[in-house]
Amino acid sequence: MEYVGEHILPGEIGRLSVSLAFAAALVAIIGYYLFEKTQNSNYRKLARSAFAAHSVGVFGIVLSLFYLLLNHYFEYDYVFKHSSLDLETRFVFSAFWEGQEGSFILWLFWHAVLGLILMFTAKKWESYAMMVFSAVQAFLASMVLGIYPLGLKIGSSPFILMRETEDNLGLPWTQFADYLDRFPYFMDGSGLNPLLQNYWMTIHPPTLFLGFASTLVPFALAMAALFKGDLKSWVKPTIPWAFFSVGILGLGILMGGAWAYEALSFGGFWAWDPVENSSLVPWITMAGAAHLLIVFRNKRTGLAAAFFMSILTFILILYSTFLTRSGVLGDSSVHAFVDLGLSGQLLIYLLFFTLISLGLFLYRYKQMKTPDDGDDLSSREFWMFIASLVLLISAFQIIFSTSIPVINKLIGPEGLIPILEDAMAPPLDAIKHYNSWQLPFAIIIALLMAIGQFLKYGKTSLKFFWRGIAVGFASSLVVTALFAQLYDFWRDPLYLSLLFAAVFASVSNLWFWLKKGKGKLSFAGSSVAHMGFALILLGALISNARKDIISQSQVSLGEDFPSNENALMELGDTVPMGQYQAVFEGMEVEKDKQFYQVSYFKDQNDDSPEFTLRPFLQMSEQMGPNPNPDTKHFWDRDIYTHITYSSDLEAPSPEGYKNEAEIKFNTGDTALYRNHFVILDSLEYRSPGGLTETAQLMLNRGESASYKDYQISLDSVSVNARMDEETKALRAAKITANLQVLAPNGKVQIVRPAFIIDDQTKEYRDTLLEEYNLALRFEDVETSSKKIILKVSTQLEEFKNSQQTVLAANIRVVNVMGNEFSIQPAIINEEDFTEYRDTSLEAAGLKFRFEDVDAETGDIVLKAWTKKDEDEKPFIVQKAIIFPMINILWIGSILMVIGSFIAVWQRLKA
């Protein structure tokens with residue numbers, strides 16, 4: 001069958017590019033291997049050409065996917081799932097790497113760029129290092145192959161058409177050549193998660209993935225040294241790459257923290273989420289590896305530790321990939337990807353490089369021994385080694401707690417090897433759990449950074465040491481006392497210790513740079529980086545330990561909105577908010593965003609506010625309202641606000657109903673709702689019979705047609721799709737005609753006949769109007785004119801097999817005056833689709849819907865709405881937090897990254 005409207009060529013170019021990238025990486029491995037065996041330069045030329053071809057393939061993958069996204073070719077599964085027509089062009093980048101396949105491609109891209117650089121700079125390490133690079137690239141390229149040799153799935157392709165996906169193969173809609181035009185469902189995509197429609201999403205992932213990719217260079221050079229048996233000379237060319245990795249990966253992590261603080265509503269910059277942890281842990285071990293490489297370069301000691309930490313970092317990158325993409329963290333992290341069926345492939349990827357690298361490390365371990373004269377306790381190398389050991393233990397604690405779901409799957413009571421009697425429970429309060437472990441490690445690291453610069457390699461005299469740290473130590477005591485007094489740290493010894501350690505590390509490194517380095521930029525690398533990290537610790541400590549929630553309410557707002565953390569603000573009213581008087585000024589709508597303007601006055605008698613904030617809710621059909629904070633920045637504090645609820649969240653229905661509530665009760669029970677007693681008398685189940693066709697009508701939108709004494713009008717046609725929960729692929733489509741039937745007595749009935757395309761069948765869902773003895777069947781849509789074909793019937797005969805069933809609730813509603821009303825809301829079930837017949841009590845301003853039946857308790861779930869009160873004031877519930885001295889953290893972040901890159905420059909010069 002030749003499908004109409006599909007754009008096949010760009011997808012084929014993308015698939016060809018993936019195949020080229022995969023095959024060329026394999027050829028590069030073979031070429032470099034043969035060169036090492038024969039020293040025939042032709043093999044090296046072959047290998048270089050193959051890696052260049054691989055890079056061309058990777059760039060082709062990137063360009064092809066961008067082309068599909070920019071042109072909105074929704075026939076492609078990846079484009080459909082991650083973009084939409086209304087997506088701003090600047091967020092196409094975000095859509096590119098939102099999904100697993102896109103992030104793999106981004107990773108491939110950075111590896112290709114770094115590999116090309118390494119290929120021409122690695123010199124004698126080129127062959128083995130590039131073999132490792134090419135092997136990694138072959139594995140990554142296989143992740144986006146999307147092929148099924150012998151029924152085995154290898155990779156998930158972003159260039160697969162929706163009709164080619166496993167879940168859609170053979171479905172009835174795939175039999176229509178013009179399915180793209182026939183079904184409105186395919187005319188637009190699902191759209192990008194609103195939380196990701198932020199400029200941070202365009203810059204944070206590529207920076208973070210460059211950081212991930214950069215860890216491969218030290219790993220590849222370490223592996224090259226192990227393969228060649230030349231275990232020492234790899235260190236010098238590796239050091240700049242190690243510090244580049246520390247800097248760029250640190251920058252990516254800090255960008256994620258800034259994004260969380262600026263655009264997410266959990267109230268902070270770090271939540272110890274498993275995916276956050278998975279990026280932090282390799283950075284910690286990479287920092288340890290970089291410093292161990294420096295130790296070996298200067299003192300020829302600690303070689304095995306430098307090898308181990310360099311290898312471990314890349315293994316942790318692979319392990320993090322497995323954690324976040326295998327689906328194992330699906331219940332413990334909001335950031336984790338769903339499993340695309342690649343968990344086995346990811347595990348092979350992880351085990352392959354883990355076993356080879358650690359096996360080779362153990363094989364060469366005896367050769368790594370260096371002359372052991374015993375490191376002096378006063379030597380710089382001794383304490384740098386201790387610091388690296390502390391970093392390793394810190395990383396182990398984080399990754400162990402993060403890996404609890406994996407541990408349970410391996411050795412839990414229902415695991416692969418059921419050793420544990422009870423499953424390990426993840427920490428209930430993640431922030432408290434990780435902070436309790438990591439605070440002591442942070443204190444030790446900060447203290448070692450403070451004194452490390454004043455220690456010499458070999459041995460340090462006590463007089464030299466104390467003379468070096470005296471100024472910094474004394475100054476730090478004064479500054480610590482000042483901060484402790486301002487922010488009341490005296491009562492908490494652990495916080496006070498970290499406060500001193502962070503201040504000491506900052507002041508000490510600044511003093512060292514000014515005194516020893518004369519303030520020269522060329523001498524600034526380590527001092528500025530250490531000072532920056534210490535300021536991060538200081539800013540994080542003060543801003544989080546002494547944050548002040550200034551939004552509070554005098555009335556209960558419900559369990560979802562604690563009154564000691566949330567303020568109820570009616571339009572125009574003044575609410576105390578810390579030292580300010582806050583006024584909710586109103587709401588403005590901009591596209592899919594609701595901005596809430598809140599003005600802050602020093603005194604409620606002031607004519608003009610000190611400042612105004614506009615936190616907003618981004619509305620999404622898939623995810624509902626997403627809070628986005630707005631923050632007022634001062635030099636010494638931030639006032640961070642976000643909306644937790646708004647009366648404008650639920651727009652009134654066309655009839656003016658809002659304020660949705662839920663009632664659960666059983667037969668004979670009575671519930672109280674809005675000064676009315678709601679009594680469930682009984683449930684009634686009935687299945688209407690069918691009627692015989694007597695006429696066929698064809699209608700377009702807005703058109704009317706007559707049948708006997710009835711006038712039938714078509715308002716619209718809607719599509720209701722059933723999706724696979726994991727893949728979001730289309731499983732069935734229900735096409736509904738929204739009709740109005742005008743009876744001879746002037747009464748108008750709204751009816752919705754439909755048909756369902758499901759599992760190679762077409763089933764009809766007819767509508768019966770018992771009062772008129774009238775039935776309507778939505779037969780089809782006429783291809784050429786786009787008119788619907790409607791069959792209308794009046795005699796019981798042909799439609800006996802209708803699957804429609806009605807479950808009605810017989811309910812009495814009694815007001816406080818004793819007036820009683822009978823209502824009968826109902827559920828109309830049609831296999832996997834459900835429609836509701838609501839009942840309104842106009843006089844009371846109430847509407848009811850029979851929503852569901854609780855299978856466990858037998859209770860029915862009744863939804864209720866009230867008529868909008870025209871005098872009701874709009875209101876919001878807002879949370880506001882003061883983060884003191886948080887700018888110290890951001891200054892520290894900038895300094896740490898700058899210092900790391902200065903260190904790279906220094907090492908390259910050396």
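This report walks through side-chain contacts, helix packing and a couple of backbone oddities in a predicted model.

**Salt bridges**

Let's start with the charged side chains. Side chains of opposite charge can pair when their charged atoms come close. In this model the count comes to 21 salt bridges. Three of them are set out below.

| Salt bridge | N to O distance |
|---|---|
| Lysine 153 – glutamate 166 | 3.8 Å |
| Glutamate 590 – arginine 614 | 3.4 Å |
| Lysine 847 – aspartate 838 | 4.0 Å |

Take lysine 153 and glutamate 166, whose side chains meet in a salt bridge. Both residues sit in the loop between helix 6 (126-142) and helix 7 (179-182), 13 residues apart, and the pair links distant parts of the chain. How open are the two ends to the outside? Lysine 153 is partly exposed, with a relative accessible area of 23%, while glutamate 166 is exposed at 55%.

Next come glutamate 590 and arginine 614, with 3.4 Å between N and O. Here the partners are 24 residues apart: glutamate 590 belongs to strand 4 (residues 580-590), and arginine 614 to the loop between strand 6 (611-613) and strand 7 (616-620). Glutamate 590 is partly exposed, at 39% relative accessibility, and arginine 614 is partly exposed too, at 26%. The pair also has company, since Glu588, Glu590 and Arg614 are linked in a network of salt bridges.

Right after strand 4, have a look at lysine 591, in the loop between strand 4 and strand 5 (593-601). What is unusual about the phi of lysine 591? The angle is near 55 degrees, a positive value in a residue other than glycine. For context, most residues other than glycine have a negative phi. Lysine 591 counts as exposed, at 77% relative accessibility.

Glutamine 39 is another case of this kind: not a glycine, yet with a positive phi of about 60 degrees. You'll find glutamine 39 in the loop between helix 1 (8-38) and helix 2 (41-70).

**Lysine 847 and its two partners**

Lysine 847 is worth a stop of its own. Its salt bridge goes to aspartate 838, with the closest N and O atoms 4.0 Å apart. Is lysine 847 buried or exposed? Lysine 847 counts as buried because its relative accessibility is 12%, and the cut-off for buried is under 20%. Aspartate 838 is partly exposed, at 28%. The charged end of lysine 847 also sits over the ring of tryptophan 865, 5.0 Å from the ring centre.

A similar arrangement involves arginine 907, whose charged end sits over the ring of phenylalanine 243, 5.5 Å from its centre.

**Aromatic pairs**

On to the rings. Across the whole structure, a search turns up 60 aromatic pairs. In one of them, phenylalanine 183 and phenylalanine 186 have ring centres 6.4 Å apart and planes at 65 degrees, so the pair is edge-to-face. Both of these phenylalanines are buried. They also belong to a cluster in which ring pairs link Tyr3, Phe80, Trp173, Phe176, Tyr179, Phe183, Tyr185 and Phe186.

Phenylalanine 314 and phenylalanine 353 make another edge-to-face pair, at 6.2 Å centre to centre and 90 degrees between the planes. Why does this pair tie separate parts together? Phenylalanine 314 lies in helix 12 (residues 303-325) and phenylalanine 353 in helix 13 (residues 343-364), so the contact joins parts that are 39 residues apart in sequence. Both phenylalanine 314 and phenylalanine 353 are buried.

**Helices side by side**

How do helix 5 (residues 100-121) and helix 6 pass each other? Their axes come within 10 Å and cross at roughly 165 degrees, which means that helix 5 is roughly antiparallel to helix 6. The crossing is left-handed.

Helix 16 (residues 430-452) and helix 18 (residues 493-515) have axes that come within 8 Å and cross at roughly 25 degrees. These two helices are therefore roughly parallel to each other. Their crossing is left-handed as well.

One last spot is in helix 11 (residues 274-299), where you'll find leucine 292. Leucine 292 is buried, with a relative accessible area of 3%. From leucine 292 to alanine 304 is 12 residues in sequence and 9.4 Å in space, C-alpha to C-alpha.

Definitions and conventions
Residues numbered from 1 in each chain as written. Predicted model: local features only at pLDDT ≥ 70, side-chain atom pairs only at ≥ 80, totals over all residues. Heavy atoms only, no water. Helix = DSSP H or I, 4+ residues; strand = E, 2+ residues; numbered from the N terminus. Buried < 20%, exposed > 50% of the residue type's maximum accessible area, 1.4 Å probe, protein only. Phe/Tyr/Trp six-rings, centres within 6.5 Å; stacked < 30°, edge-to-face > 60°. Lys NZ or Arg CZ within 6 Å of the ring centre and 35° of its normal. Axes fitted to C-alpha atoms, helices over the stretch in contact; angles between N-to-C directions. Parallel < 35°, antiparallel > 145°, perpendicular 65-115°, else oblique. Left-handed = near helix turned anticlockwise from the far one by under 90°.
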